[in-house]
Amino acid sequence: MMETKGLRTEEFMVNMGPQHPSTHGVCKLVLKMDGELVKEIQPHVGYLHRSIEKIAENRTYAQIVPFTDRIDYCASMNSNHAYVEAVERMAEVEVPERAQYLRVIMAELNRIASHLLWLATFTIDLGAVTPFLYAFREREEIMDMFEMTCGQRLTYNYMKIGGVNWDIPKEFVPKAKQFLKILPGKVDEYEDLLTNNPILLYRTKGIGVLSSEKAIEYSASGPSIRASGVRWDIRKAEPYAVYDKFDFNIPVRYNGDVWDRYKIRLDEMRESAKIVEQAIDGLPEGDIAKKVPMTWKPKEGEVFCRIEAPRGEMAYHIISDGTNKPYRVKIRTGSFCNLQLLPAIATNHLIADLVAIFGSLDIVLPEVDR
Amino acid sequence: MGVISKLPVYMEKVPGGGILTTTAEKFFNWSRASSLWYMLFGLACCAIEGLMATGASRYDFDRFGMMFRASPRQADLMIVAGTLTHKMAKRVKILYDQMSEPKYVIAMGGCANNGGPFYYDCYSVLKGVDKIIPVDVYIPGCPPRPESVLEASLKLQEKIKKQKLGEWSASTE
Amino acid sequence: MDSESLLNHINELHKDIIINSELITDVPTIEVKPEHWVEVCSSLKKDVKTNLHSISNYGAVDYREKLGGFQLVLTIFSHKHKHRVTVKTLVPAQGDEEPEIDTVTTVWLSADWFEREIIELFGVKFKGHPDPRHLMLDDDWDEGFPLRRGWTGTDFIVKPEM
């Protein structure tokens with residue numbers, strides 16, 4: 001028989017990551033565990049710190065655009081959009097309306113692709129492998145559309161200061177219309193598989209509750225804050241590009257748990273599809289870019305411009321000293337703040353729930369590290 | 001007999017059909033090349049293309065015998081997919097050392113090859129994964145298409161099939 | 001409240017403290033002295049009319065040559081009133097100096113990581129910061145503060161002019 005006298009339990013440390021399939025990249029979580037219970041979480045980031053802010057100081061304004069692709073590779077169009085929008089606002093460059101429409105179409109398609117990617121990884125974290133294959137099936141369709149427009153599948157370099165680099169080919173519109181026709185049905189299909197699935201409900205309902213006060217206190221943004229009952233979407237609150245011309249809703253949920261964050265992204269996909277549909281129907285003819293010379297220099301000044309990226313507020317603070325290179329570029333991303341609040345909502349949960357909570361925040365590490 | 005007639009030419013068929021003869025070297029190489037299990041280990045952008053899109057529905061990595069493993073101890077192949085920073089490089093070296101022999105490395109994308117877009121004016125990126133671990137196949141691109149990852153795995157299989165039996169332990173020194 | 005009246009309201013609130021105020025691309029921007037940094041920040045959060053509860057952006061700019069210090073730029077916004085304000089301060093520093101300023105983590109919890117980033121990349125210290133470890137760089141990094149202008153290191157290759 002085993003001697004039980006003198007047995008004791010004690011807290012122990014677990015290193016989760018940097019190589020861990022559920023941290024979606026290279027993030028390390030140092031956990032203090034009491035059995036299965038997570039008592040303390042310390043996120044360690046910086047494993048993908050690529051010093052884009054330093055590089056940006058040594059590149060011309062046009063040369064920075066490809067680097068913005070790599071800040072959020074799941075939604076490159078949105079990062080492009082944030083940067084060019086900021087520079088244009090600083091230098092007061094007029095953008096042709098067709099280019100504005102094309103930007104919105106691409107950004108919203110990319111939002112759908114990004115949410116699909118999130119759905120794939122989130123469900124695989126919870127142990128469901130089928131939605132991964134389903135979500136990638138639809139994502140590939142969007143990748144095809146991007147590829148026929150700009151020749152790349154992930155880092156597009158599509159937008160430029162003053163417009164966009166390429167016009168859409170003639171096959172784009174029929175393909176996009178076809179895709180938008182099937183997408184709502186496909187989202188229903190995911191919902192059939194997941195939304196009322198008892199296993200998913202058990203893993204997500206009431207887990208990782210983020211109250212609206214806490215969300216505001218931690219400067220959360222994007223779907224994470226909208227799932228906590230705060231109606232905050234920069235596309236509506238401070239419309240940029242031509243978002244004020246479209247009719248769409250902002251899905252808001254009030255419980256702030258993992259399930260709400262899951263549901264809100266599915267709803268957003270439907271809303272984004274609506275925007276793309278309206279933008280394609282209303283796409284005006286005309287130029288796709290305003291000519292901006294290669295040796296272009298904006299006047300001295302600074303700008304702070306933010307847009308709604310799939311992971312929340314993405315902002316650029318650009319300071320120009322009158323030369324062709326920016327003096328300083330500070331990049332604020334949604335994941336950076338959203339990861340900060342992980343310890344606040346995930347402590348005193350089981351370690352398996354931590355994976356669900358981390359997945360539901362939709363963290364992309366290059367956005368945190370830059 | 002259908003299966004046996006399709007077997008690689010270097011297997012000799014003994015009349016009667018029940019017995020095959022081949023060399024141990026060819027047999028080992030054939031089995032190693034046909035079931036390369038890669039480590040589930042994404043660093044940056046390339047991970048989405050190289051590990052996820054390639055593994056998902058359209059490109060279907062499994063048909064090459066490639067399956068992902070979450071643990072380095074069970075993996076034969078490390079696909080270094082993405083930018084390797086100085087901070088991460090130490091951990092990658094540890095992961096590589098934890099993999100059991102024989103082990104292979106594919107450097108995927110410009111960043112893993114030589115720093116790529118982060119070569120100049122960058123203080124935190126390691127300029128090439130081959131500075132810390134030996135690389136078998138390099139894939140150019142930023143990020144490379146899933147097809148090029150498939151091509152790279154075929155190239156790696158070719159390389160493995162040509163290996164000599166005593167060679168693999170020396171190749172990683 | 002539109003940006004102009006918001007700026008006027010803030011100007012009135014801190015009449016003697018604000019050294020410079022303007023509208024930059026329609027965002028009210030004020031500049032204060034480093035000794036009033038935390039005071040102004042916490043009052044902007046608490047004041048009912050401003051109610052700036054969230055951080056939108058928080059970064060530093062190396063102005064050692066032009067202005068003689070590091071400028072902290074903090075953009076904060078309010079979910080309640082849907083407006084934002086930028087607060088700036090200049091932390092004086094020359095050469096390799098590592099200047100010090102009070103932390104605003106006492107005001108906003110989410111300032112934590114923003115400040116940790118500034119500590120390691122610019123070498124501006126924050127008095128009273130709860131956890132001033134490295135965030136982005138490795139723990140054994142000892143090559144100084146890479147985002148300072150003119151910084152060079154061992155593995156740092158400057159792009160040659162084409």
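**Figure 1. Chain A of the predicted model has 15 helices and eight strands.** The whole structure shown here is a predicted model. Along its principal axes, the C-alpha atoms of chain A fill a box of roughly 85 × 45 × 35 Å. The radius of gyration of chain A is 22 Å, which agrees with the value near 21 Å for a compact globule of 370 residues. Of these 370 residues, 66% count as buried. When contacts between residues at least 6 apart in sequence are taken, 71% of those in chain A join residues at least 24 apart.

**Figure 2. The surface of chain A carries an exposed area of about 12600 Å².** Carbon and sulfur atoms supply 51% of this area. As for charge, chain A has 47 positive side chains and 52 negative side chains. The centres of the two sets lie 2 Å apart.

**Figure 3. Ala56(A) sits in helix 1 of chain A, which covers residues 52–57.** Ala56(A) has a relative accessible area of 3%; buried means under 20%, so Ala56(A) counts as buried. Leaving aside neighbours within four places in sequence, Ala56(A) is in contact with Ile64(A), Pro326(A) and Val329(A). Lys330(A) is 274 residues from Ala56(A) in sequence, yet the C-alpha atoms of these two residues are 9.4 Å apart in space.

**Figure 4. Chain A and chain C meet at an interface that buries about 3800 Å² between them.** The size of an interface is often given as the accessible area lost when the parts come together. For chain A and chain C, 55% of the buried area is on carbon and sulfur atoms. In chain A, the residues that lose the most area to chain C are Lys54(A), Phe304(A) and Tyr327(A). Together, Lys54(A), Phe304(A) and Tyr327(A) account for 18% of what the chain A side buries. The contact takes 42 residues from chain A and 41 residues from chain C.

**Figure 5. Chain B contains seven helices and seven strands.** Along the sequence, the helices and strands of chain B follow the pattern α-β-β-α-β-α-β-β-α-β-α-β-α-α. Chain B has 173 residues, and 50% of them count as buried. Its accessible surface comes to about 7600 Å², with 60% belonging to carbon and sulfur atoms. Among contacts in chain B between residues at least 6 apart in sequence, those that join residues at least 24 apart make up 72%.

**Figure 6. Lys127(B) lies in a loop of chain B, between helix 5 (109–114) and strand 7 (137–139).** Is Lys127(B) buried or exposed? With a relative accessible area of 5%, Lys127(B) is buried, because the cut-off is under 20%. Residues up to four places away in sequence are not counted in the contacts that follow. Within chain B, Lys127(B) touches Asn114(B), Gly115(B), Phe118(B), Tyr119(B) and Cys122(B). Lys127(B) also touches Asp155(C) and Ile157(C), which belong to chain C. Lys90(B) is 37 residues away from Lys127(B) in sequence and 14 Å away in space, C-alpha to C-alpha.

**Figure 7. Helix 2 of chain C, residues 37–46, has several buried residues.** The buried residues are Trp37(C), Val40(C), Cys41(C), Ser42(C), Leu44(C) and Lys45(C). What do the buried residues of helix 2 pack against in chain C? They pack against one helix element, helix 1 (3–13), and against strand 2 (27–32), strand 3 (54–63), strand 4 (69–78), strand 5 (83–92) and strand 6 (100–102).

Terms used:
Residues numbered from 1 in each chain as written. Chains lettered and ligands numbered in written order. Predicted model: local features only at pLDDT ≥ 70, side-chain atom pairs only at ≥ 80, totals over all residues. Heavy atoms only, no water. Helix = DSSP H or I, 4+ residues; strand = E, 2+ residues; numbered from the N terminus. Rg over C-alpha atoms; globule rule 2.2 N^0.38 Å. Buried < 20%, exposed > 50% of the residue type's maximum accessible area, 1.4 Å probe, protein only. Contact = heavy atoms within 4.5 Å. Areas by Shrake-Rupley, 256 points an atom, 1.4 Å probe, with all protein chains shown as cover. Lys, Arg positive; Asp, Glu negative; His and termini not counted. Charge placed at Lys NZ, Arg CZ, Asp CG, Glu CD. Buried area = accessible area lost by both parts, 1.4 Å probe.
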